[in-house]
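User: I should like a close look at a single part of this model, followed by a connected account of its surroundings. Please keep the discussion to what the coordinates support.

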Amino acid sequence: GSPAGLTGKAVTLRIPDRARFGNAWPDHPVCGDFDGDGKPDLAVTASSGRFSFLRGPFTRDGRPHAAGGTIPGAGPALSAPEPRTDTNGDGYDDLVYTALPHEPGTAGEGTLLLGSPD
């Protein structure tokens, strides 16, 4: 059996063109419920200090339910806040962006981006 009774098949993530910026391949994906709708979302980096927010649920072929354009002012590395992904308890998972990838379990400095319905 699979861990915790989970079954499924990995698929390739499909990032819409409008959610891409520059030539950098999206990196440092962070999964969370950033818009508070109860469905997993994904945030990925883009070029020039930008990131993309991909709203779940995702289709079986790896497409997000919705995706807007890239958002400036975050990067180049994204991570989930520790020890709680919803730092202020408002029902939306949050993100942290840093200059370097975060090593889980270690202290680090970054900028907090609060989740919201938007």
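In which loop is S47 found?

Analyst: The model is a predicted one, and what follows should be read accordingly. S47 is found in the loop between β2 and β3. With a relative accessible area of 12%, S47 is buried, because residues under 20% are counted in that class.

The surroundings of S47 can be described through its contacts. Once neighbours within four places in sequence are left aside, S47 is in contact with F21, G22, N23 and A24. For N23 there is also a polar pairing: a polar atom of the S47 side chain lies 3.3 Å from the backbone nitrogen of N23.

The strand that follows this loop, β3, covers residues 50-58 and runs antiparallel to β4, residues 64-67, with three bridges joining the two. R55 has A66 as its bridge partner in β4. The two strands form a hairpin with five residues between them, and G62 in the turn has a positive phi of about 90°.

R55 also takes part in one of the two salt bridges that the structure holds. Its partner is D35, and the closest N and O atoms are 2.7 Å apart. Because R55 lies in β3 and D35 in the loop between β1 (30-32) and β2 (41-46), the pair ties together parts that are 20 residues apart in sequence. The two partners differ in burial class: D35 is buried at a relative accessible area of 8%, whereas R55 is partly exposed at 22%.

The other salt bridge joins D61 to R63, with the closest N and O atoms 3.1 Å apart. D61 has a relative accessible area of 35% and is partly exposed; R63, at 43%, is likewise partly exposed.

A further residue connects with this region. L78, in strand β6 (residues 77-79), is buried at 6% relative accessibility. Its contacts, again leaving aside neighbours within four places in sequence, are H28, V30, A43, V44, T45, F51, V96 and Y97. Among them, A43, V44 and T45 fall within β2, residues 41-46, and F51 falls within β3, residues 50-58. L78 is also 9.2 Å from G110, C-alpha to C-alpha, with their positions 32 residues apart in sequence.

In summary, S47 is a buried residue in the loop between β2 and β3, and its side chain has a polar atom 3.3 Å from the backbone nitrogen of N23.

How values were computed:
Residues are numbered from 1 along each chain as its sequence is written. This is a predicted model: local features need pLDDT of at least 70, side-chain atom pairs count only at pLDDT 80 or more; totals for chains, interfaces and linings use all residues. Side-chain values use heavy atoms; hydrogens and water are left out. Two strands pair if DSSP finds at least two bridges between them. Helices (H or I, at least four residues) and strands (E, at least two) are DSSP runs, numbered from the N terminus. A salt bridge is a side-chain nitrogen of Lys or Arg within 4 Å of a carboxyl oxygen of Asp or Glu. Buried means under 20% relative accessible area, exposed over 50%, partly exposed in between (1.4 Å probe, protein chains only). A polar contact is a pair of N or O atoms within 3.5 Å; within protein, one must be able to donate a hydrogen and the other to accept it, and residues adjacent in sequence count only if both atoms are side-chain atoms. Contact means heavy atoms within 4.5 Å.
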